[in-house]
Amino acid sequence: MYYRSTRGAKGSVTASEAILKGLAEDGGLYVPEDFPRLPGSLKELSELDYRELARRILSCYLTDFTEEELRDCADSAYNERNFDDPKIAPLRKLEGDFLLELFHGRTLAFKDMALSILPYLMRKSAEKTGLREKLVILTATSGDTGKAAMEGFSDVEGTEIIVFYPKDGVSAFQELQMRVQRGRNTHVAALFGNFDDAQSGVKRLFSDLAWRKKLRERGIVLSSANSINIGRLLPQLVYYIYSYGRLLSLGEIREGEEINVSVPTGNFGNILAAYFAKRMGLPIRKLLCASNENRVLTDFFESGVYDRRRSFLRTSSPSMDILISSNLERLLYLALGRDGERCRSDMASLSEEGSYRLTGEERSFLSDFYGGFAKEEDCFSEIRHYAEKEHCFLDPHTAVAASVLRSYRRKSGDDTRALIVGTASPFKFAPAVLRALGREEGGELFSKIDLLSSISGLAEPEAIREARDGEIKHSTETEIGGMRDCAERFLFGEA
Ligand SMILES: *Cc1c(COP(=O)(O)O)cnc(C)c1O
């Protein structure tokens, strides 16, 4: 299997090259040259545990890795040390639908699903390609990726990681989690800007060829832990195939029966993984792309026009407060019939004019998707609904997906059973969950977390204690224009 850039650069690269580079040199994202079929019948795959399934799925894409290598990577990532549930991605039945809980990893958000394996994939890729330089992972975060990536790369030999997060765009708990991060090789800076500023800033550093040359002379190459990295995206296919298999084993569906999935979406990585799984043959009917009030994707699926010229809203689902969804570029490339030139010109128009427009035929390519959004009050009413009816406490991101599923059903009459993709633990966003429940009693963050624990009867995860007791280790702040200098200070000291 080879990978090509969405922006039309000639030539293709191997999986390990794509993983190491993160972003292609022309600024595009790597896409596999085709979609392999599922490596076995749904029934057979349903009998595998998470680790073995991960190995089987990844072996379809990472064809320059040996079986042994992939088994090592999957075993190192998906174990009891990193996940507090032996199923890794457990399912919970919710009124005829299913909550797919992707928040049992070390940082309480679904980013752990891919970021617990990415460092191992990168290390193996570095061995394969004979990389000599130090790998510096440059990452923008809307709150969850940063922590999960630092946790994954902390003290990994031959790597260093730098994270930029929007100063006022993450929750208090997310910020604290990052500031207490341990590891000699971890660096974090708060950026005076929003997530889009952080993400564009990181992409600019990637395309600053003079700077990259300077780094290389000092023995450094850059890579990314953002979902622009194909090594982030591919491990995310596994839990869709796994949960389908679990439904099959539990007798909840028949083999081949279609399901819908509702995915709380920001950068379009998680839902794109579901789409890749569908292209491999997983019976998914509709992919519900659930946005919060930053509804740029909802409008895109409704109108075929992507238009980022609007105000950026801060919501109670901050990890989805995004106006430029990077991974949509991969879907766009496919919708354009893998025409990299067209894709590049649409991306140029997005960055220069702020929008691009699809033709009718290209829009019909997107008919597997439905775009919907939830207002804050709708999101909160879902949190109340499931707490009262099922004693299940959704975090605000997951509640957005539940809300969009509800409105989709009302509009379409499509009653297909659905997976609601749960992307964060309610503890991670305890203040917002309590507000939704009408229990907004002053007090500091950790007394709110305690209150949520007593209302829900759920034990506080280990990550809560780590953040509560951790020592603050990072206090750097930077202007948008200062990201490059900031990165240099992290890498070379004050010089
Ligand atoms: C990152 C994140 C999302 C959005 O996922 P994308 O892959 O960027 O669409 C949703 N919810 C939570 C909790 C997240 O951390």
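This is a dialogue about selected features of a predicted model.

Guide: The model is predicted, so local features need pLDDT of at least 70 and side-chain atom pairs count only at pLDDT 80 or more, while totals for chains, interfaces and linings use all residues. Residues are numbered from 1 along each chain as its sequence is written, and side-chain values use heavy atoms, with hydrogens and water left out.

Visitor: Why is leucine 234 called buried?

Guide: Buried means under 20% relative accessible area, exposed means over 50%, and partly exposed lies in between, with a 1.4 Å probe and protein chains only. Leucine 234 has 2% relative accessibility, and therefore counts as buried. Its place is the loop between α11 (230–233) and α12 (237–249); helices here are DSSP runs of H or I with at least four residues, strands are runs of E with at least two, and both are numbered from the N terminus.

Visitor: Which residues does leucine 234 touch, not counting those up to four places away in sequence?

Guide: Contact means heavy atoms within 4.5 Å. Leucine 234 touches Tyr3, Leu58, Tyr61, Leu62 and Phe276.

Visitor: What makes aspartate 485 partly exposed?

Guide: Aspartate 485 has 46% relative accessibility, and so counts as partly exposed. This residue lies in helix α23. The C-alpha atoms of aspartate 485 and leucine 131 are separated by 25 Å, and the two residues are 354 residues apart along the chain.

Visitor: How are helix α10 and helix α23 placed with respect to each other?

Guide: Axes are lines fitted to C-alpha atoms, for helices over the stretch in contact, and angles run from 0 to 180 degrees between N-to-C directions. Helix α10 (residues 209–217) and helix α23 (residues 483–492) pack at an angle of about 5 degrees, and their axes are 13 Å apart. That angle makes α10 roughly parallel to α23, because angles under 35 degrees count as roughly parallel, over 145 as roughly antiparallel, 65 to 115 as roughly perpendicular and the rest as oblique. Trp211, Lys214 and Leu215 of α10 make the contact with Arg484, Ala487, Glu488, Leu491 and Phe492 of α23.

Visitor: Why is α18 called roughly perpendicular to α19?

Guide: Helix α18 (residues 376–390) and helix α19 (residues 396–412) pack at an angle of about 95 degrees, with axes 8 Å apart. The angle makes α18 roughly perpendicular to α19. On the α18 side, the residues that meet α19 include Asp378, Cys379 and Glu382, and on the α19 side they include Pro396, Ala399 and Val400.

Visitor: How do you know that helix α14 is mostly covered?

Guide: In helix α14 (residues 296–303), six of the eight residues are buried. The buried residues are Val296, Leu297, Thr298, Asp299, Phe300 and Phe301. Among the elements that cover them are β10 (284–291), β11 (305–307) and α15 (328–335). Just after α14, glycine 304 takes a positive phi of about 80 degrees.

Visitor: What makes a space in the structure a cavity?

Guide: On a 1 Å grid over the protein atoms alone, a cavity is a set of points where a 1.4 Å probe fits but cannot get out, and lining residues have an atom within 4 Å of a point. Grid points are joined across faces, edges and corners, and a volume is the space filled by probe spheres set on the points. A search of the whole structure finds six cavities of 30 Å³ or more, and the largest has a volume of about 270 Å³. Its lining has 26 residues, of which Phe110, Lys111, Gly266, Asn267 and Ser319 lie nearest the centre.

Note on methods
1 Å grid on protein atoms, 1.4 Å probe; cavity = no way out; pocket = protein on both sides within 12 Å on 5 of 7 lines; lining within 4 Å.
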